[in-house]
Amino acid sequence: MDSEPTFSQTYPQAATVGQPLSRVDGRAKVTGAAKYSAEFNHLPGLVHAVLKTSDVAKGRITGIDASAAQREPGVLAILTHQNLPKPALTAESEEGKKAIGPSVQMSFLPLQSDQIFYAAQPVAIVVADTLEHAQYAAAKLRITVAPETPVASYQDPKTELFNPGGKPDADAEGTKRRGQAAAAFAAAPVQLTATYTHATNHHNPMEPGATIVHWEAADRLTLYDAAQGVSWQQRAVAAFLGLPTDQVRVITKYLGGGFGCKGPIWPHTVLTALTAKAVGRPVKLVLTRPQMFTSMGHREDQEQTLRLGATKEGKLLALLHEKRATTSPWDQYAESNSKIIGMLYQCPAFEATTKLGRANVLTPSWMRAPGDMPGSFAIECAMDDLAAQLGLDPIRVRLRNYADKDPDTGKPWSSKSLKQCYARGAELFGWNKRNPQNGATRAGKLLVGYGMATASYPVHSSQGNARVRLYADGHAVVQAGATDLGTGTYTIITQVAADALGLAPDKVRFELGDTMLPTTNISGGSMGAGTFSSSVYVAAQDVWQKLTKLAVQDAKSPLYRAKATDVEVVKGRLQLKANPSKGEGFADLMKCADMLDLEGSGHGKYGAGYESGLAGAAKSDDAGKEARGSHSMHSFGAHFCEVHVDPELGTVRVTRWVSVVAGGRILNPKTARSQIMGGAIMGIGAALMEQTVRDPHLARYTNASLADYHVPVNADIPDMTVEFIDEKDPYVNAMGVKGIGEIAIVGVAAAVSNAIFHATGRRLRDLPMTPDRVLAALRGPA
């Protein structure tokens, strides 16, 4: 359709949307029927590929001895930079970057030369008839390397820091200014300066990166890939291989988590395609757990220095933010930490700069709430420090600086229920019972602390397509090229389609994860639910428009000659608004017209300012165009945390947790609650234990396993209380959905740090806040 249609009916009829429907894909997952990308083993002649990786972080390959490996049984090929087929485009070329599009993190493809740029860089691919044969042969492959001295991080004196933006008022990755922040800070009666560090974190989803590639012809292939966006993968792979986009098919039916690492395209996917081309057989490559630490990105190691100027009453006058971080030898990716710092509170003067240091590491990548998660740690800890210095309650100082409009743009919010989040969270948590004095609350020998922090995440602009086919026998098939990260996409879209079509959920089948389906955006950036639900809703309305047109032109229909605008749809039935008894169900109408099925298509927008008509009829496209870009769109929330700190051991245990979130329309409170809990648990892990250690001399990770990279387990997490503020946003999209996957982690580490500060009177600004750091703070000066 060229434009969104105008609808006369009121939506939604929330029979299913908003209800805690259990996952429709749950049975498939628990019975093993759900097939993940590494499990499509039906392809005839499927063989296995294994990556041989470099032991050094920098150097040149000087020799390859494949004789012993080639003698092993089942070995089909040993591919290196000397004999691997070359891609049509180089990743680092401007043409390549343009063709790859948003998958910006892969601008380097290994096995194209003898150079080694990072530890565990692929230097060879061994292909054999079984995985075990490939692994054993890879162990016998000898690669000789002339090592060079690597750079491990931005802290290395050998690296030169640079500003990737370099221009005033550029993106947050460079320099950003509003007002005269330096002068305002210098004149402020109250000044705070603090530096916050964030360790390297890795995503560690349960499912590793995995790709199966089948060349069905010389110019056509199918990939079964663990990807958050099949359309993105399709476009990037087609560009690398020099193929028309429609000659590359990508299938991802289920994902075992991603948290951002499966968003961009990574080298192993392209290398698998090139390998399958070379051997003439379908090839499967699955990354090992250690290779997940060096193949699919990470949250960069970084430090932030925040200067905060305020009045004696706690009103912000100036914010200055400086960030330093590590990037790869060829990219300039950096999380945009300053976005949340500049928009969360009303402040007339703001300045942010970012400087990066090139090191011998793979390019960092999106990791849950990129930029907003670490940025919130700095600003939310600083706000508590300001409150403590002025003797104010932490919530009071936040309300004193509450932003009624977006400070960055001056635009009104499309909706903002943050005050309600504070109030409800404080009520659920029992905040008024908090002793304001730091270090004054105990439970036996344990120090007890209460902390809180604000959460926010932007509504990114996104759009997608969907197709709905309604059958006269009372069932429907809904299709979109979406992916389900494991967060419930199958379920929530089934609910939206069921309500929009007036069917029971078990009469709807939602198909996703295939580039043969209508193109839509990535599952990431909290864009999925809003984009997919809106496009499915619009597609369903296209079906109803066609049925309405059919009914008013059918002499046998009770609605014959009625005006289309006088007809409404209620629970799968077309009827007159003024006389609901006059109408008919879609099945009778279709059978009378001798129609077996009817198809509708829809284009859904997310974050585009399109009025959805949640309070009544949907607005016209003209109204949507007028509203577009007129509002700032964000989700908001608040986290509350209680900790017990052992002053003798330095251990910190989170004993109570409350999260209250305003994220627009909540399609399913059960899956939404799981989202918030999962994000909060991930944030608690980053706060207290998660840290990937990179050897400062060898630039190699020393704990690249789940045995050594600690993540929270059930015993680390208390029962968690999660609630949502009922919020109607008429601007974000046709369903009023903002998305909640990212906001769940924003502010979590700060809430934990603020609780430790309240328990001990000592501020910890380095993540993770491990027992040794807690003990050092307790034994140091107040």
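**Exercise 1. The largest cavity**

Task: For this predicted model, state what volume the largest cavity has, which residues line the cavity, and how the lining divides by class.

Solution: Begin with the volume, which for the largest cavity is about 70 Å³. Next, collect the lining, which consists of Tyr118, Ala119, Phe293, Thr294, His298, Asn360, Val361, Leu362, Arg694, Ala699 and Tyr701. Sorting these residues by class then gives 7 nonpolar, 3 polar and 1 charged. To place the result in context, the structure holds 9 cavities of 30 Å³ or more.

**Exercise 2. The second largest cavity and helix H7**

Task: Find which residues line the second largest cavity, and which helix gives the largest share of the lining.

Solution: The second largest cavity has a volume of about 50 Å³, and its lining is made up of Leu51, Pro110, Tyr118, Pro122, Pro267, His268, Leu271, Leu287 and Ser295. By class, this lining contains 7 nonpolar and 2 polar residues, with no charged residues. The largest share, 3 residues, comes from helix H7, which covers residues 267-279.

The helix itself can then be examined. H7 has 13 residues, and the distance from its first C-alpha to its last is 18 Å, close to the 18 Å expected at 1.5 Å a residue. Of the 13 residues of H7, 11 are buried, and the helix is therefore largely enclosed by the rest of the structure. The buried residues of H7 include Pro267, His268 and Leu271, and these three names also appear in the lining of the second largest cavity. Just after H7, Gly280 takes a positive phi of about 70°.

**Exercise 3. Length and burial of helix H6**

Task: Work out what span is expected for the 12 residues of helix H6, and how many of the residues of H6 are buried.

Solution: Helix H6 runs over residues 230-241, and at 1.5 Å a residue its 12 residues should span 16 Å; the end C-alpha atoms are 16 Å apart, so the expected span and the span in the model agree. For burial, where the cut-off is under 20% relative accessible area, 11 of the 12 residues of H6 qualify, so this helix is largely enclosed by the rest of the structure. The buried residues are Val230, Ser231, Trp232, Gln233, Gln234, Ala236, Val237, Ala238, Ala239, Phe240 and Leu241. Just after H6 comes Gly242, which takes a positive phi of about 70°.

**Exercise 4. A sheet of 3 strands**

Task: Give the order of the strands in the open sheet of 3 strands, and explain why one side of E4 and one side of E6 is left without a neighbour in the sheet.

Solution: The order is E4-E2-E6, and the pairing is antiparallel. Strand E4 (115-116) and strand E6 (142-147) stand at the edges, where each has a single partner strand, so one side of each is left without a neighbour in the sheet. Strand E2 (residues 59-65) is joined to E6 by 6 bridges, and the two run antiparallel. As one example of the pairing, Ile64 has Ile143 in E6 as its bridge partner.

The loop between strand E1 (47-53) and E2 contains Ala57, which is buried, with a relative accessible area of 2%. The C-alpha atoms of Ala57 and Ala672 are separated by 42 Å, and these residues are 615 residues apart along the chain.

**Exercise 5. Aromatic pairs**

Task: Determine how the rings of Phe117 and Trp330 are arranged, and which parts of the chain the pair ties together.

Solution: The structure holds 18 aromatic pairs. Among them, Phe117 and Trp330 lie 5.9 Å apart centre to centre, with 75° between the planes, and the pair is edge-to-face, since over 60 degrees is the cut-off for that class. Phe117 lies in the loop between E4 and strand E5 (122-128), while Trp330 lies in the loop between strand E14 (316-327) and helix H9 (338-343), so the pair ties together parts that are 213 residues apart in sequence. Phe117 is partly exposed at a relative accessible area of 21%, whereas Trp330, at 18% relative accessibility, counts as buried.

A further pair, Phe429 and Trp431, is tilted, with 6.3 Å centre to centre and 45° between the planes. Phe429 is buried, with a relative accessible area of 3%, and Trp431 counts as buried at 6% relative accessibility. Finally, Tyr36, Tyr254, Tyr490 and Phe510 form one aromatic cluster.

Terms used
Residues numbered from 1 in each chain as written. Predicted model: local features only at pLDDT ≥ 70, side-chain atom pairs only at ≥ 80, totals over all residues. Heavy atoms only, no water. Helix = DSSP H or I, 4+ residues; strand = E, 2+ residues; numbered from the N terminus. Expected span 1.5 Å × (residues − 1). Buried < 20%, exposed > 50% of the residue type's maximum accessible area, 1.4 Å probe, protein only. 1 Å grid on protein atoms, 1.4 Å probe; cavity = no way out; pocket = protein on both sides within 12 Å on 5 of 7 lines; lining within 4 Å. Points joined across faces, edges and corners; volume = space filled by probe spheres on them. Nonpolar A, V, L, I, M, F, W, Y, C, P; charged D, E, K, R; others polar. Pairing = 2+ DSSP bridges. Phe/Tyr/Trp six-rings, centres within 6.5 Å; stacked < 30°, edge-to-face > 60°.
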